[in-house]
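Dear colleague,

Please find below the structure that I am handing over to you, together with its sequence. My findings follow directly after it.

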Amino acid sequence: MEMSSKLLEMAVAEISQLPGIGKRTALRLALHLLKQPVEQTQLLAGALKKMREEIQFCRQCHNISDVEVCQICANNSRDRSIICVVEDIRDVMAIENTNLFKGTYHVLGGKISPMDGVGPSQLNITTLVEKVKTGLVKELIFALSSTMEGDTTNFYIYKQIKEYNIITSAIARGIAVGDELEFADEVTLGRSILHRVPFENSLRST
């Protein structure tokens, strides 16, 4: 795509690196920004820069946070004996939108996928096992996507903690096989958590 401005071309190239954004959409966004007051573009650039430089990961659950411990983990009304294990920060947001889960979370940062070169050591699994070892956790809810990689990750974690006195459950299969949690509607996702099943049962059904 030939452009009369190298500066515009550079901006379009960077914007098109975002997921789901092609060159044409990137150009449309860049031209839109050019039409806005300079101050508005500077606010956007400043917000992105500040987010990238200052955002943290909660030292307890690995969720994104502005401080060392996220608002969910710091909330004394949350049930710390129940941990919902998710792949991604977006899954925390999806489940929180249901307003039905009152426990805490543990964000793995992905799922085991040998094809993509992702092994257990690259995920936040060790810190999850350490939580279980404290004896303060009564239940782990596996809320990973119902894909082969998600099931593999669930089973790997299950093997790491099965010797401890803890309940393991999996969200009910109201979420279609192969679906990602973030795209599930709130009612379906909320019901799948409320009607979770023992993890051993989910093994027999696969």
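**Cysteines**

Cys58 is buried, its relative accessible area being 1%. Please bear in mind throughout that this is a predicted model. Cys84 is likewise classed as buried, at 0% relative accessibility. How many disulfides does the model contain? The count is zero. Cys58 takes part in no disulfide, and the nearest cysteine sulfur, which belongs to Cys61, lies 3.8 Å away. A disulfide requires the two sulfur atoms to be within 2.5 Å, so the pair Cys58 and Cys61 does not qualify.

**Nonpolar cores**

The largest nonpolar core has 19 residues. Which of them touch the most other members? They are Val85, Leu108, Ile125, Leu128, Leu140, Ile157 and Ile161. Two or more residues of this core come from each of the elements β3 (79-86), α6 (126-133), β5 (139-142) and α7 (148-161). There is also a second, separate core, made of 18 residues, with Cys70, Val86, Ile89 and Phe101 among them.

The surroundings of Leu108 may be worth viewing in detail. When neighbours within four places in sequence are set aside, Leu108 has contacts with Val85, Val86, Glu87, Leu123, Asn124, Ile125, Leu128, Leu144, Thr153 and Ile157. Among these contacts, Val85, Ile125, Leu128 and Ile157 also appear in the list of residues that touch the most other members of the largest core. Val86, another contact of Leu108, is a member of the second core.

**Backbone: positive phi**

Most residues other than glycine have a negative phi. Two exceptions are described here. His62, which is not a glycine, has a positive phi of about 75 degrees. His62 sits in the loop that links β1 (56-57) and β2 (64-65), and it counts as buried, with 16% relative accessibility. Asn99 also has a positive phi, near 60 degrees. The loop between α5 (89-96) and β4 (103-107) holds Asn99. Is Asn99 buried or exposed? At 57% relative accessibility, Asn99 counts as exposed.

**Nonpolar surface patch**

Leu44, Leu48, Met51 and Ile55 together make a nonpolar patch of about 340 Å² on the surface. Of these, Leu48 belongs to helix α3, which covers residues 38-54. Leu48 is partly exposed, at a relative accessible area of 47%.

With kind regards

Definitions and conventions
Residues numbered from 1 in each chain as written. Predicted model: local features only at pLDDT ≥ 70, side-chain atom pairs only at ≥ 80, totals over all residues. Heavy atoms only, no water. Core = buried A, V, L, I, M, F, W, Y, C linked by side-chain atoms within 4.5 Å. Buried < 20%, exposed > 50% of the residue type's maximum accessible area, 1.4 Å probe, protein only. Helix = DSSP H or I, 4+ residues; strand = E, 2+ residues; numbered from the N terminus. Contact = heavy atoms within 4.5 Å. Patch = residues over 30% accessible without salt bridge, like charges linked within 9 Å, V, L, I, M, F, W, Y side chains within 5 Å. Areas by Shrake-Rupley, 256 points an atom, 1.4 Å probe, with all protein chains shown as cover. Salt bridge = Lys/Arg side-chain N within 4 Å of Asp/Glu carboxyl O.
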